[in-house]
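Visitor: Hi, I'd like to talk through how some helices pack here. Can you pull it up?

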Amino acid sequence: MAEEDQALTPLAALEEIAFLLERERASRYRSKAFRAAAAAITGLTDEQLRDTASLRRRKGIGDSTFAVIQQALDGQVPAYLVQLREAAGVEAPTAGAGLRAKLRGDLHSHSEWSDGLTPIDSMVEAARVLGHEYVALTDHSPRLRVANGLSVERLQEQREVVAGINASSPAGFTLLTGIEVDILEDGGLDQTPEMLDALDVVVASAHSKLRMERAPMTRRLVAAASSPHVDVLGHVTGRLVEGSRGTRPQSTFDARAVFESCAAHGVAVEINSRPERQDPPDELIALALELGCLFSIDSDAHAPGQLSLIDHGAARAVKLGVPPERIVTTWPLDRLRAWTARPRDAGGSEGF
């Protein structure tokens with residue numbers, strides 16, 4: 001048994017299982033059950049955990065989580081955790097390991113304020129454990145009601161929460177304010193200009209009318225990429241290639257025109273790391289690279305374990321020859337802030 005596993009506590013075992021379930025995009029109910037069990041036993045002593053009758057009555061403890069607790073108390077690595085670790089080891093990409101080590105942060109993540117699964121502080125803790133220096137909190141905008149998008153008032157409240165987290169955070173980590181703003185059918189953005197100006201990072205993505213005809217979809221995406229408020233163009237084709245939601249074909253648009261606009265305005269093209277998206281497709285990443293675009297390797301995480309999905313984005317970037325210096329998430333925070341604060345009328349990515 002490895003030395004680190006000899007000290008594996010029931011709480012740590014439950015949290016690691018939740019993390020790995022999130023990474024493999026398992027049913028949200030499974031990962032939430034293990035996080036609920038972890039919350040239920042936080043602060044309990046080993047003696048209290050060994051009181052099986054009391055533990056079984058505790059809200060949040062079911063048969064599976066009870067078994068994990070007992071196995072960890074007995075000095076074992078719980079069988080379910082062993083299974084998940086083995087699966088994660090098979091899945092983990094290795095081709096991008098060198099680039100992955102250069103990634104300093106993530107500009108696309110969600111919390112329970114919109115359609116994420118956990119509180120903001122759980123996302124922050126996971127980001128720190130992964131070694132991130134910064135993460136942008138980019139919950140959805142108001143029109144995306146199915147995702148509990150944030151109104152101006154709720155987003156302002158969230159900004160205050162973020163300020164409080166940063167005030168109490170250890171040195172070396174910053175939570176950036178942000179939004180994944182919906183790109184409207186006419187290319188407008190689903191939030192007020194004043195609020196977008198106040199945020200650290202703006203990711204613009206289309207979530208509706210993805211089967212628009214080529215010409216209007218091109219105009220829509222070019223308008224977003226030309227906006228003085230946008231930093232990152234998110235999951236640009238909207239495609240789904242696998243997963244529980246099924247598949248979805250990519251949107252049809254003039255990619256050259258869209259990426260030329262991104263390059264001209266210094267907007268990064270997102271390499272979305274979620275395996276079910278793999279967006280943009282390889283040929284579009286190659287085109288964006290040819291046209292001089294910047295890139296942002298992002299997790300689009302909706303749970304703490306999904307922050308680690310940037311492994312997949314790094315592997316794709318290496319395979320396609322994207323230079324690290326063109327990836328904004330390899331940049332230190334001061335350079336990243338200078339880029340997001342760039343004069344938009346000048347456009348371009350020169351100097352960054």
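Visitor: How are helix 3 and helix 6 oriented to each other?
Guide: They're oblique, because their angle falls outside the cut-offs for roughly parallel (under 35 degrees), roughly antiparallel (over 145) and roughly perpendicular (65 to 115). Helix 3 (residues 28-41) and helix 6 (residues 63-73) pack at about 55 degrees, with axes 10 Å apart. Axes are lines fitted to C-alpha atoms over the stretch in contact, and angles run from 0 to 180 degrees between N-to-C directions. Helices are DSSP runs (H or I, at least four residues), numbered from the N terminus.

Visitor: Where did this model come from?
Guide: It's a predicted model, where local features need pLDDT of at least 70 and side-chain atom pairs need 80 or more, while totals for chains, interfaces and linings use all residues. Residues are numbered from 1 along each chain, and side-chain values use heavy atoms, leaving out hydrogens and water.

Visitor: Which residues of helix 3 and helix 6 meet?
Guide: A33, F34, A37 and I41 in helix 3 touch S64, T65, V68 and I69 in helix 6, where contact means heavy atoms within 4.5 Å.

Visitor: And how does helix 2 lie against helix 3?
Guide: Helix 2 (residues 10-23) crosses helix 3 at roughly 160 degrees, and their axes come within 8 Å. That makes the pair roughly antiparallel.

Visitor: New topic: which residues have the most contacts inside the largest nonpolar core?
Guide: L175, F259 and F295, in a core of 59 residues. Such a core joins buried (under 20% relative accessible area, 1.4 Å probe, protein chains only) Ala, Val, Leu, Ile, Met, Phe, Trp, Tyr and Cys residues through side-chain atoms within 4.5 Å. Another core, of 26 residues, lies apart from it and includes A18 and A72.

Methods. Helices (H or I, at least four residues) and strands (E, at least two) are DSSP runs, numbered from the N terminus. Buried means under 20% relative accessible area, exposed over 50%, partly exposed in between (1.4 Å probe, protein chains only).
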